[in-house]
Structures are given as C-alpha cells and as structure tokens.
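Biologist: I'd like to go through the empty spaces inside this protein and what surrounds them. Can we take them one by one?

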Amino acid sequence: MRPRIVTVWLPLLWLVAQPASPQATISALARELEPVAESSDVICTRFASFEGEPSITVGMVLEPGDLLASVSGEIDLELTCGGGTLLRFSGAFRVLIDAPEAGNDCAVNFLSGTLDVLTDQETEVNAGGVVLGTEGTQYSVELIRGSKGVDQRCSVWDGKVLWRERKKVEERWLAGGQRLAVAGGRFTEGEVAAAERSAVARRAARFDIVKSRQKGRKIEDPATEVERLSKLHREVLERPEDTDRRVELARAQIDLEAGDQAMYHLARAGISSTEQMAQHRIDASKLPASRVASTPDPFRLMEAKRWRDALEIFQQRLKSGTTDSRDYCGTARCYFHLEGRGSYNVSSYANRSIALHARDHRLSEEELEFCGRLIRRR
C-alpha cells in the first residue's frame, strides 16, 4: 500500500483553528550513557509562547506547534508518539512538533541535526521542504549547514521511504540499504556506507542502555554492553531480512527490559503471537501485553489440518499488510487442501510467495519446494 504523503508546513492560522492535542511524549533523556530525568540543555518553546520552558522532563507531553532546540548538543532525546513510533535526536538539533494527517502516528518539522526513526506506523517527517513518508521502517535523517549551504541526507535501513520535495519537483523511493544526499541542489544516490551503519548501530545501542538504566536496571559495565549491542544492531542493519539476527537482538533488548524496541524487530520478522515467540525461545510475558497477539499460529493450525481456521488468519495478515513469503506459501497450502491443485488461488499465492522470497529469504527448503511444485502443476 502506498503511504499517504502530505506536506506538513502548515500555516499558523490553521494551527490556531485546531484544538491542541497530544502528539508526542519525551520518553528518554541521556547524557552519554547516563539517563537524566530533567534537563535545561534542551529548550522547549510552547506553541504561541515567546519564552522557553526552564527545563524539559521525561514524561513531558508535547503538542502541535511546540519547538525543541538543543543548546549544548550534549543531551540525546527520544520522543514516543501515540502508536509507538520512536524519534531519536542526537547531539545538537531543532524540531517542531506538527499535527499529523488522519491515520498518521507522527508529524514533525525537522529543522537541524541528526534524527533516527523507528516505526511500524505511518509517519511524516518534513526535513527542509522534503517530505519523508513511511508506513513502517527504520531510517536516519541528517540536516547540516556547512560553509556551502545545507547538506540533507536520508539513509534507509529497513522497509522503504518515499522522498518527495515540497514542490513535487523530485520524488523517489528509497529502499533498505539506500542513501540519498542533497547538497547545492544536486542529488547523490547510492548505498549506505559501513561507517554510517556502525554509527547508527551505536546510537541505537546507547538508547537501549539508557532506557534500561532509566527503569532502574543495574548494568555493571555499560561500555562493554554498548559494544555487544552495537554489534547486534549492526548485523540487523546489514541484513534486515534475517530473522535469526532480529530474534537475537530482540532477546538482548528483552533482557534489558526494552520490550517496545524488541517488539518492532519481532514484528518485522513476522513473529507476533505467543506461539511464534515460544518457537524462538522468547518469553512473551516480558513484552508489552497490548502488543502480543493472542491469535493462534496458523502454521500450528495447518499441522492439525485445520485448513479453514489457518486460512482465516492468513487472510487477516494479508489485509493488514504485515505478511512475508511464508504467509503467502501457507495461504497457497490452505487453498490446495480446500480447493484442489487446479485452483487459481493455489498458483496465485504460490507465485507471490516465491517472488517475495527473493527479497525476504524466509521460506524453508521444504516450503520453497512445495510452492514451486504448485506453480509447475498449474
């Protein structure tokens, strides 16, 4: 499904006409690896106010029109939106909280600095007149003013991002592993560099540690733990389609009581039910209960030859857009047993399964062979 992309530079009169509503909450503040509950190093100027708040605090609720500006560049900050989107700002930065379009979890005007986004929701980030729209992804944005003007960079690690200029002069999709830079009006597109991947992995690891310590967890050697987590994050960034790597990272985050971040990686790996988590030796009781699916595992239902029950669950996944090649193969298998090998549904879903497997590599050898036979029999 194509994400809804809208320009988010909104006239102030429009904002005045709208009732204020919470848009994001400050969920973490950190100086290096130390969590802080309150800081005066980041100024919050409330909408329609000329004076900044004396300090910001963890748990502070932000509304459309509020502006955050880093003073020293020494405080890292995380915002969490209503649907769980994480916006992480590192070093010096400025960001204006905006009003999201219907159906979107977040909308911000990012004005300067470094931003890492982790989301499984529709979001909007306006970066200097360029609108970045997503449905579920992990990506980074940098806005830096140098001696020759502004450098804009967007690096996508997982999923895809639609980059569009406000005047619709330029529009392009960026997939995982791609990087787009704009300087002096010139576009440079290519693959992300290893050094940038390592930097993003380290920032993610630092937030894991900070949020764990924020909850009172004692970590004997934070620096060593950052190195371990950085390696796990880097491996996922290198191969986001690798389920085993995502599961290993999720386990480490669960051990640190960072269940929300772990849920993103499990969901991207297609692991959402308690049954699936048990298969991967994940303790679902340590995850946010509201985000753990209670739906039976359709693959277990197929083992019990409950083809119609399994098909209903696969069809729900197909409608939600959170499917992988295994779901398509499972759907084909259900139709095979319910409608016979000559069914159009059998060959259609088997074809889609193999096509998607070329990108996510999630079919087992047995599943790949089975769906291949279904296609050849058509």
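Biologist: How do the residues lining the second largest pocket divide into nonpolar, polar and charged?

Modeller: Keep in mind that this is a predicted model. Asp, Glu, Lys and Arg count as charged here, and Gly goes with the polar ones. On that basis the lining of the second largest pocket splits into three nonpolar, five polar and eight charged residues.

Biologist: Which of its 16 lining residues are closest to the centre of the second largest pocket?

Modeller: That pocket holds about 280 Å³ of space. Helices α4 (243–255), α6 (274–279) and α9 (325–339) each give at least two residues to its lining. Closest to the centre are Thr 243, Ala 269, Ile 271, His 280 and Arg 326.

Biologist: Now the closed spaces. How many cavities of 30 Å³ or more are there?

Modeller: A cavity is a spot where a 1.4 Å probe fits but cannot get out. With the cut-off at 30 Å³, the count is two.

Biologist: And what volume does the largest cavity have?

Modeller: Its lining has six nonpolar, six polar and four charged residues. The space they surround comes to about 130 Å³.

Biologist: Which element gives the largest share of that cavity's lining?

Modeller: The lining of the largest cavity has 16 residues, and Arg 88, Asp 116, Leu 118, Gln 138 and Ala 204 are the closest to its centre. Elements giving two or more residues are β10 (106–119), β13 (137–146), α2 (194–214) and α5 (259–268). The largest share is five residues, and it comes from α2.

Definitions and conventions:
Residues are numbered from 1 along each chain as its sequence is written. This is a predicted model: local features need pLDDT of at least 70, side-chain atom pairs count only at pLDDT 80 or more; totals for chains, interfaces and linings use all residues. Side-chain values use heavy atoms; hydrogens and water are left out. On a 1 Å grid over the protein atoms alone, a cavity is a set of points where a 1.4 Å probe fits but cannot get out, and a pocket is an open set with protein on both sides within 12 Å along at least five of seven lines; lining residues have an atom within 4 Å of a point. Grid points are joined across faces, edges and corners, and a volume is the space filled by probe spheres set on the points. Helices (H or I, at least four residues) and strands (E, at least two) are DSSP runs, numbered from the N terminus.
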